[in-house]
Amino acid sequence: MDNMSISDLRLEIDAIDGEIARLFRTRLLLVDAIGRKKRREQLPVGDPQREEEIIRRQEEVMSREDFAAYEGWMRSLFEICRRRQEERIE
């Protein structure tokens with residue numbers, strides 16, 4: 001990557017951002033489906049144990065610094081998803 005130009009690096013980031021957006025939309029569709037099932041089964045929106053499991057799966061494959069950023073990002077994502085389910089349950 002060090003031999004790539006800034007423009008080329010940015011093109012790579014743009015492609016990754018597009019993929020992240022696509023995956024985010026797919027995740028939200030799945031979150032909606034889970035929210036409907038939770039509502040029908042009268043289950044709580046949050047599942048802290050599952051959230052921790054998801055985060056910890058990546059801990060060993062990242063540097064400490066990268067993992068700290070990833071953990072913060074995932075916690076924000078979980079909050080967005082919980083809020084979305086709560087809003088749709090009401």
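User: Which residues line the second largest pocket?
Analyst: This is a predicted model, so local features need pLDDT of at least 70 and side-chain atom pairs count only at pLDDT 80 or more, while totals for chains, interfaces and linings use all residues. Numbering runs from 1 along each chain as its sequence is written, and side-chain values use heavy atoms, with hydrogens and water left out. A pocket here is an open set of points on a 1 Å grid over the protein atoms alone, where a 1.4 Å probe fits and protein lies on both sides within 12 Å along at least five of seven lines; lining residues have an atom within 4 Å of a point. For the second largest pocket, those residues are Ile20, Leu23, Phe24, Arg27, Trp73, Ser76, Leu77 and Ile80.

User: Which elements give two or more residues to the lining of the second largest pocket?
Analyst: Helices are DSSP runs (H or I, at least four residues), numbered from the N terminus. For this lining, the elements giving two or more residues are α1 and α3.

User: How many nonpolar residues does the lining of the second largest pocket have?
Analyst: Ala, Val, Leu, Ile, Met, Phe, Trp, Tyr, Cys and Pro count as nonpolar, Asp, Glu, Lys and Arg as charged, and the others, Gly among them, as polar. Next to one polar and one charged residue, the nonpolar count in this lining is six.

User: Is isoleucine 20 buried, partly exposed or exposed?
Analyst: Ile20, one of those lining residues, sits in helix α1. Buried means under 20% relative accessible area, exposed over 50%, and partly exposed in between (1.4 Å probe, protein chains only). At 39%, Ile20 is therefore partly exposed.

User: Where does the largest share of the lining of the largest pocket come from?
Analyst: This pocket has 15 lining residues, with Arg27, Val31, Ile34, Arg50 and Ile54 lying nearest its centre. At least two residues each come from α1 (6-41), α2 (48-56) and α3 (64-89). The biggest contribution, five residues, is from α1.

User: How many charged residues does the lining of the largest pocket have?
Analyst: Nonpolar residues number seven in this lining, and polar ones two. The charged count is six.

User: How far apart are the closest N and O atoms of arginine 88 and aspartate 32?
Analyst: This pair is a salt bridge, meaning a side-chain nitrogen of Lys or Arg within 4 Å of a carboxyl oxygen of Asp or Glu. Arg88 is partly exposed at 47%, while Asp32 counts as buried because its relative accessibility is 11%. Their closest N and O atoms are separated by 3.7 Å.

User: How many residues apart are arginine 88 and aspartate 32?
Analyst: The salt bridge between Arg88 and Asp32 ties together distant parts of the chain, from helix α3 to helix α1. Along the chain, the separation in residues is 56.

User: With which residue does glutamate 51 form a salt bridge?
Analyst: Glu51 counts as buried at 15% relative accessibility. The closest N and O atoms of the pair are 2.6 Å apart, and the partner of Glu51 is arginine 82.

User: Which residues do salt bridges that share partners join into one network?
Analyst: Start in helix α2, where Arg56 and Glu52 lie four residues apart, about one turn of the helix. Their side chains meet in a salt bridge at 3.5 Å, N to O. Arg56 is partly exposed at 34%, as is Glu52 at 30%. Through shared partners, the network joins Glu52, Arg56, Glu59, Glu71 and Arg75.

User: How many salt bridges does a search of the whole structure find?
Analyst: The pairs already covered include Arg88 with Asp32 and Arg56 with Glu52. Over the whole structure, the search turns up eleven.
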